[in-house]
Amino acid sequence: MNIKVAICVSEAVPFAKTGGLADVAGALPAALKKTGITPVVLMPGYGHIFERFKGIEKVNERISLSMNREYTEEFGLYRIFHRGVYFYFVKNDKFFARDNLYGTSLGDYSDNDIRFGFFARAVFKVLEELDYIPHIIHLHDYHFALSALLLKDIKSRKEQSAFRRTKTVFTIHNIAYQGIYERDILSTLGIDNNYFNIDGLEFYGKVNYMKAGIVYSDKITTVSPTYAREILTPGYGYGLDSVLKAREDDLSGIINGIDYQVWNPERDCQIAANYSMDDFSGKRKCKRHLLSKLFDGNIDFQSPVIGMVSRLSYQKGLDLIAETIDLIMENDLYLIILGTGDEQYQKILMHQEKKHGKRFSLTLGYSDKMSHEIYAGADIFIMPSRYEPCGLGQLISLKYGTVPLTRNTGGLSDTIVNIDTEEDIEKGGTGFLFKEYDSLEFYRKVKKALELFSNKKLWEKIILNGMSQDFSWEYSANEYKRLYENMIG
Ligand code: ADP
Ligand code: GLC
């Protein structure tokens, strides 16, 4: 059977990216295609996409979407064929031709409720326009969660709707971002007030898009088995744990893969030298190149390099770094951080860079090239996250022979084999995990990693353990396929 899936997502590599969601949406469709599924991707047509990508074709310049009885929005529909899959862009410049995807370092755009509400509605119009009625609409994160409610609504109003057999999967990449807005957005989006109740999308007097996704989707997934368990608890559920608990039977965790076409030190053309498990002399060149680029004067190329590539947000454990950085910098090492995000963390890190600038390099901003250089040139990759639904940084660094040091949570627990003792290395240990969200625990693990780094033989074994892991998309794409098949019956 040819399963048709419409993947609705707010960012996808190479068209738009702020984090791992884009990596997933860029790679999963092609991986699904290989399993025999026919996917299409629907995403916002951000302004920069039309400037940067050649070969985008027009499907329909002007489509009218009735939002409520008095209010109609217009949009254009464009597409590009990428890695065997059509990516469709919904172009409404008022909503999507902006400098950023979701907001600035000071906060979210104030009209995200209507931007993503509009898009959640546009999904059905686009699919009708394309005459592509999918078996499954696969929604990602709160941006599209409302489509689950809207589909239920369409089905309840029109028995013979073209979508009567279409089912929804809602994937939670991060439960902390829920899309919580004032109630009046419902009338703007033409959503009946009946849905505004405790069993619907009401959440403490407001509207919660993510809750709509959880309540109204046929199946819910998240991006690792451990996170699937964690979000059922108050500590991780961000207020939605009991809502999820009620849907526990329909919830599962499918670990993300990474795209080894993009992330592969053997072929990566953004790094100073290529290398593989058989010969990682190229990694030393990458380290030299990275250090020479970022530091002046006498550089000690033997010192360990700790790298971090991250959104600078509450999630990512930046306070543990702020609390321990003075201690960390007492050791003979280099620290390199690339990140962008919340103003408060940018300030803290800028202050620390002034203090420790000789051996601490901070790059504020988003740079794909530099991220590749850090993954390849660092020895240790840190990710002390408070919570981590899956995490891709650790998967990339494993592939690049850069040993991850992370908190033992979510997808980090599921993908890293912890090392405490030398024996753990023999048993296949790939990285360093610390349990409590506590600066001393974190620092103890940093010390442990530094101690093992000084033993070249053991360190090489850890690198090899990591590089030989396989987190390609094949496994996960087949898990999704199984899920879709079970749903279709
Ligand atoms: P999250 O999606 O929560 O941000 P992940 O680990 O899943 O975390 O994915 C992060 C992705 O974004 C990785 O591909 C990482 O390399 C990339 N990334 C994060 N910050 C930056 C940055 N400042 N510049 C370039 N790439 C970045
Ligand atoms: C989210 C999560 C991250 C995950 C990514 C892709 O941004 O924070 O852990 O890897 O989505 O699923």
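Okay, a definition before anything else: when I say helix or strand, I mean a DSSP run, at least four residues for a helix and at least two for a strand, numbered from the N terminus. With that in hand, the element that gives the largest share of the shell around ligand 1 is strand S15, with three residues. And keep in mind throughout that this is a predicted model.

Let me back up and give you the layout. The domain assignment splits the protein chain into domain 1, which is 4–257 + 474–488, and domain 2, which is 281–470. Their C-alpha centres sit 33 Å apart. Where the two domains touch, domain 1 puts in 21 residues and domain 2 puts in 22 residues.

Now, ligand 1. It has 23 residues around it, and the closest are Gly20, Arg311, Lys316, Tyr375 and Leu392. Three polar contacts to go through here. A backbone N or O atom of Gly20 comes to 2.6 Å from an oxygen atom of the ligand. Then there's the side chain of Lys316, with an N or O atom 2.7 Å from an oxygen of ligand 1. The side chain of Tyr375 also has an N or O atom at 2.7 Å from a ligand 1 oxygen. As for cover, ligand 1 on its own would expose 560 Å², and the protein buries 94% of that.

Which elements give two or more residues to that shell? You've got helix H1, strand S15 at 305–312, strand S16 at 334–341, helix H14 at 368–377 and helix H15 at 393–399. By residue type, the shell comes out as eight nonpolar, 10 polar and five charged. Domain 1 and domain 2 each supply at least three residues to the shell around ligand 1.

On to ligand 2. This one is surrounded by 14 residues, with His173, Asn256, Gln315, Glu388 and Gly391 the closest. The side chain of Asn256 has an N or O atom 2.8 Å from an oxygen of ligand 2. For the side chain of Gln315, the distance from an N or O atom to a ligand 2 oxygen is 3.0 Å. Cys390 comes in through its backbone, where a polar atom is 3.0 Å from an oxygen atom of ligand 2. On its own, ligand 2 has 300 Å² of accessible area, and the protein covers 94% of it.

Helix H1, residues 20–34, gives the largest share of this shell, three residues. H1 also turned up in the list for ligand 1, among the elements giving two or more residues. The mix around ligand 2 is six nonpolar, six polar and two charged. So where does ligand 2 sit relative to the domains? Between them, because domain 1 and domain 2 both give residues to its shell.

Last stop: Asn197. You'll find it in the loop between helix H6, 185–188, and strand S11, 202–203. Is Asn197 buried, exposed or partly exposed? Its relative accessible area is 30%, and partly exposed is the range between 20% and 50%, so Asn197 counts as partly exposed.

Leaving aside residues up to four places away in sequence, Asn197 touches Glu202 and Lys211. Closer along the chain, a polar atom of the Asn197 side chain lies 2.7 Å from the backbone oxygen of Asn194. And Val207, 10 residues apart from Asn197 in sequence, is 9.5 Å apart from it in space, C-alpha to C-alpha.

Methods: Residues are numbered from 1 along each chain as its sequence is written. Chains are lettered from A and ligands numbered from 1 in the order in which they are written. This is a predicted model: local features need pLDDT of at least 70, side-chain atom pairs count only at pLDDT 80 or more; totals for chains, interfaces and linings use all residues. Side-chain values use heavy atoms; hydrogens and water are left out. A residue is near a molecule or strand if one of its heavy atoms lies within 4 Å of it. A polar contact is a pair of N or O atoms within 3.5 Å; within protein, one must be able to donate a hydrogen and the other to accept it, and residues adjacent in sequence count only if both atoms are side-chain atoms. Accessible areas come from the Shrake-Rupley method with a 1.4 Å probe; for residues, only the protein chains shown count as cover. Ala, Val, Leu, Ile, Met, Phe, Trp, Tyr, Cys and Pro count as nonpolar, Asp, Glu, Lys and Arg as charged, and the others, Gly among them, as polar. Domain bounds come from an automatic or database domain assignment. Buried means under 20% relative accessible area, exposed over 50%, partly exposed in between (1.4 Å probe, protein chains only). Contact means heavy atoms within 4.5 Å.
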